Structure formats: C-alpha cells, structure tokens
Amino acid sequence: MDRKKKAARYLRVYQQIQDLILQTSDPISKMSTIIAILHHKFDYYFWTGFYHLNDAKLTIGCYQGSLACLVLESKGVCWKAKNTQETVIVPDVHKFPGHIACDSRSRSEIVVPVFKGKNVMAVLDVDSKELDIFDDIDAKWLEKIVELIY
Ligand code: SME
C-alpha cells in the first residue's frame with residue numbers, strides 16, 4: 001500500500017473509531033472496538049492486540065489473530081515500548097535481540113504505548129507477516145488512536 005493510500009485509510013479508520021467509541025467510557029470496550037476495526041481494515045496486519053501492565057508484567061488483553069503469549073516477563077519489543085514510553089518499529093523481528101515470537105510467521109512489528117496521563121497502562125502491538133511494513137504513518141495514526149482510550 002503506498003503512503004498516500006495508507007494515510008487516507010488511517011484517517012477514515014480514525015474517524016470511524018472516534019464515532020463508535022463515543023458510546024462508552026469503558027477502556028476495555030474501546031480497546032476491543034479498536035482491535036476489531038484495525039485488524040480487518042489493513043491487509044498487512046497479521047496479529048493485533050493489547051498487553052496490559054498487570055502486577056509488573058505485561059498480560060494479554062483483547063486481540064485478534066493467532067494464539068498469543070499470555071504473559072511477557074521483561075524482554076522483547078512490547079517491554080521496550082513500555083520502558084522507553086515510545087513507539088517501537090521493528091522492520092525484521094529476527095534482528096531484534098530478545099524478540100518474543102508468539103507466532104513464527106510474524107516478520108515485522110510495531111508497538112505503541114497507551115498512556116493514562118503520564119503512566120503507560122498498556123501497549124498496542126501489531127505484527128505483520130511482511131518484512132519492513134510499518135513506518136511513520138502507522139506510528140502517527142496508531143498513537144492518535146490509542147489517545148482515544150483514556
Ligand atoms: N513480539 C512481542 C510479543 C507479543 S507477540 O508479538 C503477540 C514482543 O517481542 O514483545
């Protein structure tokens with residue numbers, strides 16, 4: 001998908017999510033809706049979900065895709081996003097030291113922290129079977145989308 005098409009699709013998806021989640025203030029309902037929409041609107045998304053900070057561990061939340069690791073202890077891409085409080089883009093997961101492979105078909109990944117005020121409450125994780133598929137456009141829009149949660 002070229003950059004222009006991708007940006008236009010994210011704008012439409014953002015507006016759709018914004019309209020839908022007006023119905024509730026429940027973060028879990030908002031997260032489930034975000035995952036259902038994102039996962040089906042982008043062909044290159046293979047696994048889409050949230051991990052929540054829970055008792056100093058990242059624990060699986062709502063997701064779509066193949067069976068996920070339930071608990072992430074302390075390493076990997078999700079923990080890097082949590083610890084740095086910044087979006088992490090991994091063009092090739094095989095080259096990321098400590099990457100946790102829940103499904104060996106995943107080749108690239110983006111993880112976006114979810115803030116409530118200054119605290120990271122969760123991370124949004126998206127995996128793709130395609131190498132080097134995520135860029136600054138995905139990062140910008142996913143960051144805007146997760147701002148709608150809290
Ligand atoms: N790859 C992640 C683990 C979660 S799965 O991709 C669903 C990581 O390294 O943190």
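Select Ile100, Cys102, Glu109, Asp125 and Asp127: of the 18 residues that line the largest cavity, these lie nearest its centre. The model is a predicted one. The structure holds one cavity of 30 Å³ or more, and the volume of the largest cavity is about 150 Å³. Its lining divides into nine nonpolar, four polar and five charged residues.

Next, colour β1, α3 and β6. Each of these elements supplies at least two residues of the lining of the largest cavity.

Now show the ligand. The space that the ligand takes is this largest cavity. Display the residues around the ligand as sticks: Trp47, Tyr51, Leu72, Gly76, Val77, Cys78, His99, Ile100, Cys102, Glu109, Asp125 and Asp127. By class, this shell has seven nonpolar, two polar and three charged residues. At least two residues of the shell come from each of β1 (47-54), α3 (77-84) and β6 (119-128).

Which atoms should be picked for distances? Start with the side chain of glutamate 109, where an N or O atom is 3.0 Å from a nitrogen atom of the ligand. Move to histidine 99: an N or O atom of its side chain is 3.3 Å from a nitrogen atom of the ligand. Then turn to the backbone of valine 77, which places an N or O atom 3.0 Å from an oxygen atom of the ligand. Switch on the protein surface at this point. The ligand taken alone exposes 300 Å², and the protein buries 99% of that.

Leave the ligand and go to the largest pocket. Select Gln85, Glu86, Thr87, Val112, Pro113, Val114, Phe115, Glu143, Val146, Glu147 and Tyr150, the residues that line the largest pocket. The volume of this pocket is about 150 Å³.

Which element gives the largest share of the lining of the largest pocket? Colour β5 to see: this strand gives four residues. β5 (108-116) and α4 (136-146) each supply at least two residues of the lining. Colour the pocket residues by class to finish this stop: six are nonpolar, two polar and three charged.

For a last view, show both sites together. Glu109 is among the residues around the ligand, and Val112 is among those that line the largest pocket; β5 covers 108-116.

Key: Residues are numbered from 1 along each chain as its sequence is written. This is a predicted model: local features need pLDDT of at least 70, side-chain atom pairs count only at pLDDT 80 or more; totals for chains, interfaces and linings use all residues. Side-chain values use heavy atoms; hydrogens and water are left out. A residue is near a molecule or strand if one of its heavy atoms lies within 4 Å of it. A polar contact is a pair of N or O atoms within 3.5 Å; within protein, one must be able to donate a hydrogen and the other to accept it, and residues adjacent in sequence count only if both atoms are side-chain atoms. Accessible areas come from the Shrake-Rupley method with a 1.4 Å probe; for residues, only the protein chains shown count as cover. On a 1 Å grid over the protein atoms alone, a cavity is a set of points where a 1.4 Å probe fits but cannot get out, and a pocket is an open set with protein on both sides within 12 Å along at least five of seven lines; lining residues have an atom within 4 Å of a point. A molecule sits in a cavity or pocket if more than half of its atoms lie within 2 Å of its grid points. Ala, Val, Leu, Ile, Met, Phe, Trp, Tyr, Cys and Pro count as nonpolar, Asp, Glu, Lys and Arg as charged, and the others, Gly among them, as polar. Grid points are joined across faces, edges and corners, and a volume is the space filled by probe spheres set on the points.
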